[in-house]
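Trainee: I'd like to take a close look at one part of this model and then see how it fits in with the rest. Could you walk me through it?

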Amino acid sequence: MPEIRVDGMLVNAAEGVSLAVALLSAGRTRFRTSLSGEPRAAVCGMGVCMECRVTIDGQPHRLACQVQVREGIEVRT
Ligand code: FES
C-alpha cells in the first residue's frame, strides 16, 4: 500500500488507483480553491474538467485523475 504525503500529512493509498481516487478515499474533498474562493475537486475523472489540479512533487497544475499513485509522492492541494 503506497504511502503518500498530502499537505504534509501521510496518507495510505490503495495500490493502482489514481491520485484523485486516493485523495477522495482519504476524505479530501478540496483539491484546490477557485479564484472566487470556491472549493474544487475531481468531477470527470478522465482529464477533461481540469478541476482536480494539484501540485505534485513541486509541479503545479497536475491533473490528479491522470496520475497513478506511487510511493512517496508529495501532493499539495
Ligand atoms: S477530474 Fe476532471 S480533469 Fe481530473
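How many residues lie between E1 and E2 in the hairpin they form, and which residue in the turn has a positive phi?

Mentor: Keep in mind that this is a predicted model. Two residues lie between E1 and E2 in that hairpin, and the one with the positive phi is aspartate 7, at about 50 degrees. On either side of the turn you have strand E1, residues 3-6, and strand E2, residues 9-12, which pair in the antiparallel sense over four bridges. If you want a pair to click on, glutamate 3 stands opposite asparagine 12 in E2.

Now zoom out to the sheet. The hairpin strands belong to an open sheet of five strands, ordered E2-E1-E7-E5-E6, with mixed pairing. E2 and strand E6 (59-63) are at the edges with a single partner strand each, so one side of each has no neighbour in the sheet. Neighbouring strands here are turned by 40 degrees against each other on average, if you ignore direction. Over at the E6 edge, E5 and E6 run antiparallel and are joined by three bridges. There, arginine 53 stands opposite leucine 63 in E6.

Back to E1, and to isoleucine 4 in particular. Skipping its neighbours within four places in sequence, isoleucine 4 is in contact with Met9, Leu10, Val11, Leu19, Ala22, Val69, Arg70 and Ile73. Isoleucine 4 also turns up in the largest nonpolar core, which has 21 residues: Ile4, Leu19, Leu23, Phe31, Val54, Ala64 and Val69 are the ones that touch the most other members. The elements that give two or more residues to this core are E1, helix H1 (19-25) and strand E5 (53-56). H1 gives the largest share, four residues. As a general reminder when you look at strands, side chains in a regular strand alternate between the two faces of the sheet.

One more spot is worth a look: arginine 32, which sits in strand E3, residues 32-33. With a relative accessible area of 18%, arginine 32 counts as buried, because the cut-off for that is under 20%. Its side chain makes a polar contact of 2.7 Å with the side chain of glutamate 51. Leaving out neighbours within four places in sequence, arginine 32 is in contact with Glu38, Pro39, Arg40, Met50, Glu51 and Arg53. That last name should ring a bell: Arg53 is the residue standing opposite leucine 63 in E6.

Technical notes
Residues are numbered from 1 along each chain as its sequence is written. This is a predicted model: local features need pLDDT of at least 70, side-chain atom pairs count only at pLDDT 80 or more; totals for chains, interfaces and linings use all residues. Side-chain values use heavy atoms; hydrogens and water are left out. Two strands pair if DSSP finds at least two bridges between them. A nonpolar core is a set of buried Ala, Val, Leu, Ile, Met, Phe, Trp, Tyr and Cys residues joined through side-chain atoms within 4.5 Å. Buried means under 20% relative accessible area, exposed over 50%, partly exposed in between (1.4 Å probe, protein chains only). Contact means heavy atoms within 4.5 Å. A polar contact is a pair of N or O atoms within 3.5 Å; within protein, one must be able to donate a hydrogen and the other to accept it, and residues adjacent in sequence count only if both atoms are side-chain atoms. Axes are lines fitted to C-alpha atoms, for helices over the stretch in contact, and angles run from 0 to 180 degrees between N-to-C directions.
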